[in-house]
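Biologist: Please take one buried spot and look at it closely for me. Then show me what surrounds it in the rest of the fold.

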Amino acid sequence: MNVLMVNLPFSGHTNPTLPLATKLVEFGHKVTYVNAPEFREKIEHTGATFVPYKNYPENASEKYKKKHSFVAAYDTAVSLKEKFDILIYEMFFYPGIDLAKQLGIPSVRQFSQPAWNETTWIEAPTVFRISAKLIDMQVLPKKVASNKGFSNMSLKDGITKSKPNLNVVYIPKQFQNKSEEFDDSYLYVIPKPEVISGNVVIPYEKMKSPIVYISLGSILSDKSFYKKCIKAFGGKEVSVILNTGNVSPDILGKIPENIYAYSFVPQIEVLSHTDVFLTHCGMNSINEALCFGVPMVAMPFINDQVTNANQLVNLGIAKRIHSFVQNTNEIYETVMEVAASSVMKEKAIEMKKAIDNQMTWESIVRRIEDLV
């Protein structure tokens with residue numbers, strides 16, 4: 001089977017798709033993966049053949065990516081002379097359905113977050129819907145979409161009104177809102193994370209329980225929030241691993257002995273030792289925490305993070321905290337409430353067991369093969 005994969009140059013939409021590329025190669029299929037130059041190394045590591053966007057700079061700015069990557073991805077895929085058997089694309093690249101039709105081949109869509117339909121769109125928080133409309137204005141204006149002949153003129157319509165032959169959703173099925181409305185063409189799987197130690201050596205043996213991990217992900221960094229955390233937990237009967245991201249721990253002032261602050265942490269390794277995870281609710285971070293049965297404190301900011309946080313609360317796996325929290329007592333008390341909750345821990349463990357018994361990669365690859 002000759003597979004064409006096309007994606008956009010955003011880590012949250014590309015990284016979750018790499019395990020499928022790896023599995024397809026392992027099962028003996030040829031995979032050609034179109035993306036921006038910055039993803040060459042990661043994609044080639046899967047065994048796929050990497051094809052960079054045509055006429056696209058090596059180190060594109062975020063603004064340039066948003067403005068040009070959709071058209072670059074589409075035009076590059078169309079220009080390929082090779083004959084492919086199937087197209088696999090990620091949900092954000094919603095013109096994928098049109099690309100497959102133009103190439104005359106079946107298609108598979110991947111969701112790096114819970115799947116969308118009309119119902120989940122209507123019930124989504126207002127901030128989520130506004131964010132989607134702002135994205136439309138930035139990445140693929142209606143005029144451009146119309147000139148390309150795309151069947152849908154917006155991200156919302158492109159996802160909710162188009163349905164490829166198969167959908168692979170990278171969340172536990174139990175996490176999918178309105179799961180009963182999604183038929184058996186939606187397959188749910190989470191790549192099981194491997195614990196790989198980084199260069200940072202974290203002294204877990206010195207830590208007192210509970211161990212709390214705090215991270216706002218790879219994009220968000222907030223010096224004032226990290227200082228609030230230090231004030232909230234400093235000197236308390238708790239150990240805190242604080243991922244400060246782009247903020248150097250050196251500028252946060254004196255850090256108490258029970259707080260371990262790093263500008264980078266090996267997240268999978270840390271989560272394997274964690275009792276409570278305070279997270280911005282990016283889907284990748286949630287999946288990794290669920291794989292280890294870790295209950296959470298949800299502090300979302302943008303896009304799908306708010307919907308993800310609400311679903312965690314609905315499932316009884318997390319407590320919600322204000323997104324721009326001002327009160328250090330709120331941080332401490334919410335975290336400690338989750339740490340003390342045997343019910344939340346049990347529900348998190350139940351989700352871990354569901355992930356352990358999820359659909360196999362072999363079954364997913366076989367379903368994809370059946371389309372050809």
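**A close look at Cys281**

Modeller: Cys281 touches Ile286, Ala298, Met299, Pro300, Gln305, Asn308, Ala309 and Leu312, leaving out residues up to four places away in sequence. Contact means heavy atoms within 4.5 Å. This is a predicted model: local features need pLDDT of at least 70, side-chain atom pairs count only at pLDDT 80 or more, and totals for chains, interfaces and linings use all residues. Residues are numbered from 1 along each chain as its sequence is written, and side-chain values use heavy atoms, with hydrogens and water left out.

Where does Cys281 lie? Its place is the loop between strand 11 (276-279) and helix 12 (283-291). Helices (H or I, at least four residues) and strands (E, at least two) are DSSP runs, numbered from the N terminus. Cys281 counts as buried because its relative accessibility is 0%. Buried means under 20% relative accessible area, exposed over 50%, partly exposed in between (1.4 Å probe, protein chains only). Take one partner, Leu312. In sequence, Cys281 and Leu312 are 31 residues apart; C-alpha to C-alpha, they are 9.0 Å apart in space.

Now the cores. A nonpolar core is a set of buried Ala, Val, Leu, Ile, Met, Phe, Trp, Tyr and Cys residues joined through side-chain atoms within 4.5 Å. The largest has 75 residues, and Val6, Phe92, Phe93, Ile241 and Met296 touch the most other members. Phe93 is in contact with Val6, Leu8, Phe70, Ala73, Tyr74 and Leu99, leaving aside neighbours within four places in sequence. Another core, of 27 residues, lies apart; Leu216, Leu242, Val325 and Val335 are among its members.

Next, the sheet. Its 7 strands run in the order 3-2-1-4-5-6-7, open and parallel. Two strands pair if DSSP finds at least two bridges between them. Strand 3 (49-52) and strand 7 (186-188) are the edges, each pairing on one side only. From one strand to the next, the twist averages 20°. Angles run from 0 to 180 degrees between N-to-C directions; axes are lines fitted to C-alpha atoms, for helices over the stretch in contact. Strand 4 (residues 86-90) and strand 5 (residues 107-111) pair over 4 bridges. One bridge joins Glu90 to Gln110 of strand 5.

Helices pack on this sheet. Helix 4 (residues 62-79) touches strand 1 (2-6), strand 2 (30-35) and strand 3, and its direction makes about 160° with that of strand 1. Helix 16 (residues 361-369) lies across strand 4, strand 5, strand 6 (166-169) and strand 7, at about 160° to strand 6.
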